[in-house]
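Student: I have a model open and would like to test the words people use for it. Could we go through them one at a time?
Tutor: Gladly; here it is.

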Amino acid sequence: MDVIALDDPAPGEIRRWHAVLAAAHAADLRGEPAPDPEQTAARLRAPGRRLWAALDGDEMVGVAELRLPGGPGADRPAEIDIQVRPDRRRRGIGTRLLAFAAEGMRADGRTSVIAQVMAGTPAIPFLESHGFDCVLTLRGLLLRLDDVPARRVERLVASGPPGYRLVRWRGTAPDEHALALARAKHAMADMSAYEGLPWDADRVREMAELVAKRGDDLYTVAAVQGDGIAGFTEVVVSAETPERAAQYDTAVVPEHRGRRIGIWVKAAMLQWLRRERPEVREIETDNSGDNVHMLAVNEELGFRRQRESREYQASAADLPSL
């Protein structure tokens, strides 16, 4: 079994990579939407990542994707995803791929790595056997827009707290809001277990640019008081599967909590999407299991629990070497 780096994967290599993802998905994630070939191709061609494939002859039997957010040497955790064909597991392929990825993150100066996996899948014992610790449990929720009456959304939007106003934008944050949005992102509890780098205006723009490079659309609704953002919510609509949008970050700054700003900006987002993107039928999201306030907001709005995932973290120094 050989492991090769794919610095610029050819179309045939991308197809074989996607076949590995599809086989792993069919075995581990029945009931979840299948991976989309076009999304796989766009992701593999995106900047800021390294790729390795395990080959048995001409057959691709395992893959590793290492994402390096923030550019070379950034003081941020790397992100890793390793998939092995179900009929080739428990033969050391995943461990071998992890060793290559570990060398890649050390070469880039990364000191830690995170992985997000679904609960109940073989990824859990694999990560734990290699020194990863669970730092976050996420509950997956799904909202079907047809289940939320339009009149209820209108009432929620109309009942916003006094002294605040709503602003909306698509894509990169306008200059007048970029820094305020970065400050508001510090309020996010979901990422605090492993996220050490402060948000700034450049990082806010970088995230939006990455979404745009995939061909997807980022929508943001924020509650503003004066020059500051009190709370916000973000939704990404995929170019390939626009019927199911993805909830990104939602946060309310601590001093503005208790005024129903969270459900206000989320309702305003639903109203906007219904008008601008009527093809969106569902929104999926993940909430930290201990983020009881945001769970309550989402469930009041109509989100229903679908699955559970976990975030794992490890030190690069503790991972296997080649």
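Tutor: Let's start with pairing: two strands pair if DSSP finds at least two bridges between them. Keep in mind that this is a predicted model.

Student: How do you know that strand 8 and strand 9 pair?
Tutor: Nine bridges join strand 8 to strand 9, and the cut-off is at least two, so the two strands count as paired. They run antiparallel. One residue pair to look at is A223, whose bridge partner in strand 9 is G231.

Student: What makes strand 1 and strand 7 edge strands?
Tutor: Each has a single partner strand, so one side of each has no neighbour in the sheet. That fits the order of this open sheet of twelve strands, 1-2-3-4-5-12-6-11-10-9-8-7, in which the pairing is mixed. From one strand to the next, the twist averages 25 degrees.

Student: Which strands does helix 1 touch when it packs on the sheet?
Tutor: Helix 1 touches strand 2 (49-56), strand 3 (59-67) and strand 4 (78-84), and its direction makes about 90 degrees with that of strand 3. Helix 6 (residues 175-185) lies across strand 7, strand 8, strand 9 and strand 10, at about 90 degrees to strand 9.

Student: What describes the packing of helix 1 and helix 2?
Tutor: Two packed helices are described by the angle between their axes and the distance between those axes. For helix 1 (residues 11-28) and helix 2 (residues 37-45), the values are about 120 degrees and 10 Å. The contact is made by P11, I14, W17, H18 and L21 of helix 1 and by P37, T40, A41, R43, L44 and R45 of helix 2. By class, this contact has seven nonpolar, two polar and two charged residues.

Student: Why is a group of residues called a nonpolar core?
Tutor: The name applies because its members are buried residues of the nonpolar kinds listed for a core, joined through side-chain atoms within 4.5 Å; buried means under 20% relative accessible area. The largest such core has 33 residues, and V237, I261, M269, L270, L273 and I283 have the most contacts inside it. Helix 8 (261-276) is one of the elements that each supply at least two residues, and the largest share, ten residues, comes from helix 8.

Student: What does I261 touch?
Tutor: Leaving out residues up to four places away in sequence, I261 touches P161, Y164, A223, A230, G231, V252 and H256. Among these are A223 and G231, the bridge partners we met earlier. Apart from this core lies another, of 28 residues, including V61, L68, M105 and L127.

Technical notes
Residues are numbered from 1 along each chain as its sequence is written. This is a predicted model: local features need pLDDT of at least 70, side-chain atom pairs count only at pLDDT 80 or more; totals for chains, interfaces and linings use all residues. Side-chain values use heavy atoms; hydrogens and water are left out. Axes are lines fitted to C-alpha atoms, for helices over the stretch in contact, and angles run from 0 to 180 degrees between N-to-C directions. Helices (H or I, at least four residues) and strands (E, at least two) are DSSP runs, numbered from the N terminus. Contact means heavy atoms within 4.5 Å. Ala, Val, Leu, Ile, Met, Phe, Trp, Tyr, Cys and Pro count as nonpolar, Asp, Glu, Lys and Arg as charged, and the others, Gly among them, as polar. Buried means under 20% relative accessible area, exposed over 50%, partly exposed in between (1.4 Å probe, protein chains only).
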